[in-house]
Amino acid sequence: MFFLQKESLSDVQLHLAALNGDLPLLRRILDSGKVHVDSRDKEGTTPLILAAANGHYECVKELIEQGADPTTKRITGTTPLFFAAQGGYLDVVQFLLDNGAPVDSSSVDGGSPLFVACQCGHMDVVKELVKRGAKINTHMKDKATPLFIASQNGHYKILVYLLAHGAVPDARRTDGATPLWISAQMGHDHIVAQLLKAGAFVDAARHDGATPLFKAAHKGHSAVVGELLKFKPSLDMLPNGETALHAATFSGSLPVCKQLVAAGSNPSLRNQEGFTPAEVAHRHRHNTVADYLRNCSNRTQNK
């Protein structure tokens, strides 16, 4: 949402014309000579930013032709190109780039046009930005990359494209989470499979010790667990004092427990609090899971 401060009536009208894509009104106001083409509201928003954010190509073109600055920024550091990329307006993106908009200009939190295009799933804009020189491994202040945000949101085609153009599979966010970790947490099995194929480390743990398998098991994402198990992740005690099997019992996922036991998880291991997976399941009132794990543990002990 963009807010106008109390400026002259002409300034307000110019902003509204740009916001609404009203080209005739925009031209009349600009031609009156009563306003500056880059007049700003209290957030630093210019008419060009408003027009670009709403995909009004003809208004963007008119503003640029009348001297609007394509490098202008709001107080958040966001540019017209940032908003055009976020909205998926390819024609506006191309026109801004053709007229000097900086392809990698970032916001105060590190967000770039490429990052928000990946976040919102705009494949055509992603390709255009990369073709124009956007840095594939740019990142937010928290170190999240375009590949990370594409993985988080399940944008498979964008992920494949970024990997093909040099995206680092294991680039970590400041908390240690990798694209594989976040896609495992979100349940995107197709993303997980592609990242593993690209060489992502299967046991890349977040700083709290939780691995992709741990998070997938905790969330009950059976398909993701299946993909991860193909790459032999650790089934033993993790740095967080739990196993993936313990994680599966938190949410009571019987299918995941069965997958993990079949893969070799030890149902008799005790976590840092001294509980076996069966005991954890019982404490969370997942009785079917508890019974299954007790039976598995008994069979193991009787061998």
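This tour moves through a series of selections in a predicted model and states what is found at each one.

**Aromatic pairs**

A search of the whole structure finds 2 aromatic pairs. Begin by selecting tyrosine 57 and phenylalanine 95. Their ring centres are 5.6 Å apart and their planes stand at 75°, so this pair is edge-to-face; the angle qualifies because planes over 60 degrees apart are counted that way. Colour the two helices involved: tyrosine 57 belongs to helix H4 (residues 57-65), whereas phenylalanine 95 belongs to helix H6 (residues 90-98), so the pair ties together parts that are 38 residues apart in sequence. With a surface display switched on, tyrosine 57 is partly exposed, at 25% relative accessibility, while phenylalanine 95 is buried, at 13%.

Next, select phenylalanine 82 and phenylalanine 83. The centres of these rings lie 5.4 Å apart with planes at 80°, so this pair too is edge-to-face. Phenylalanine 82 is buried, with a relative accessible area of 8%, and phenylalanine 83 is likewise buried, at 11% relative accessibility.

**Helices H6 and H8**

Return to H6 and add helix H8 (123-131) to the selection. The two axes come within 10 Å and cross at roughly 15°. H6 and H8 are therefore roughly parallel to each other, and their crossing is right-handed. To display the contact, show Leu90, Val93, Gln94 and Leu97 of H6 together with Asp124, Val125, Glu128 and Leu129 of H8.

**Helix H10 and its surroundings**

Now select helix H10 (residues 156-164), in which Ile158, Leu159, Tyr161, Leu162 and Leu163 are buried. What covers these buried residues? The cover includes helix H7 (113-120), H8, helix H9 (146-153) and H12. Moving on from H10, select glycine 166, which follows the helix and has a positive phi, near 100°.

**Helices H12 and H14**

From the cover of H10, proceed to helix H12 (residues 189-197) and add helix H14 (residues 222-229); their axes come within 8 Å and cross at roughly 10°. H12 is therefore roughly parallel to H14, and H12 passes H14 in a right-handed crossing. Show side chains to see which residues meet: Asp189, Val192, Ala193 and Leu196 on the H12 side, and Ala223, Val224, Glu227 and Leu228 on the H14 side.

**Two buried loop residues**

Select proline 233, placed in the loop between H14 and helix H15 (244-251). Is proline 233 buried or exposed? Proline 233 is buried, with a relative accessible area of 7%. Leaving aside neighbours within four places in sequence, proline 233 is in contact with Val202, Asp203, Leu213 and Leu228. Leu228 is also one of the H14 residues that meet H12. A distance label from proline 233 to threonine 211, drawn C-alpha to C-alpha, reads 8.8 Å, although the two are 22 residues apart in sequence.

Continue to serine 265, in the loop between helix H16 (254-263) and helix H17 (277-283). Serine 265 counts as buried, at 6% relative accessibility. Beyond its neighbours within four places in sequence, serine 265 is in contact with Leu235, Leu245 and Leu260.

**A charge over a ring**

For the final stop, select lysine 258 and tyrosine 292. Lysine 258 lies over the face of tyrosine 292, at 5.8 Å from the ring centre.

Methods:
Residues are numbered from 1 along each chain as its sequence is written. This is a predicted model: local features need pLDDT of at least 70, side-chain atom pairs count only at pLDDT 80 or more; totals for chains, interfaces and linings use all residues. Side-chain values use heavy atoms; hydrogens and water are left out. Rings of Phe, Tyr and Trp (its six-membered ring) pair if their centres lie within 6.5 Å; planes under 30 degrees apart count as stacked, over 60 as edge-to-face and the rest as tilted. Helices (H or I, at least four residues) and strands (E, at least two) are DSSP runs, numbered from the N terminus. Buried means under 20% relative accessible area, exposed over 50%, partly exposed in between (1.4 Å probe, protein chains only). A charge sits over a ring if NZ of Lys or CZ of Arg is within 6 Å of the ring centre and within 35 degrees of the ring normal. Axes are lines fitted to C-alpha atoms, for helices over the stretch in contact, and angles run from 0 to 180 degrees between N-to-C directions. Angles under 35 degrees count as roughly parallel, over 145 as roughly antiparallel, 65 to 115 as roughly perpendicular and the rest as oblique. A crossing is left-handed if the near helix is turned anticlockwise from the far one by less than a right angle, and right-handed if clockwise. Contact means heavy atoms within 4.5 Å.
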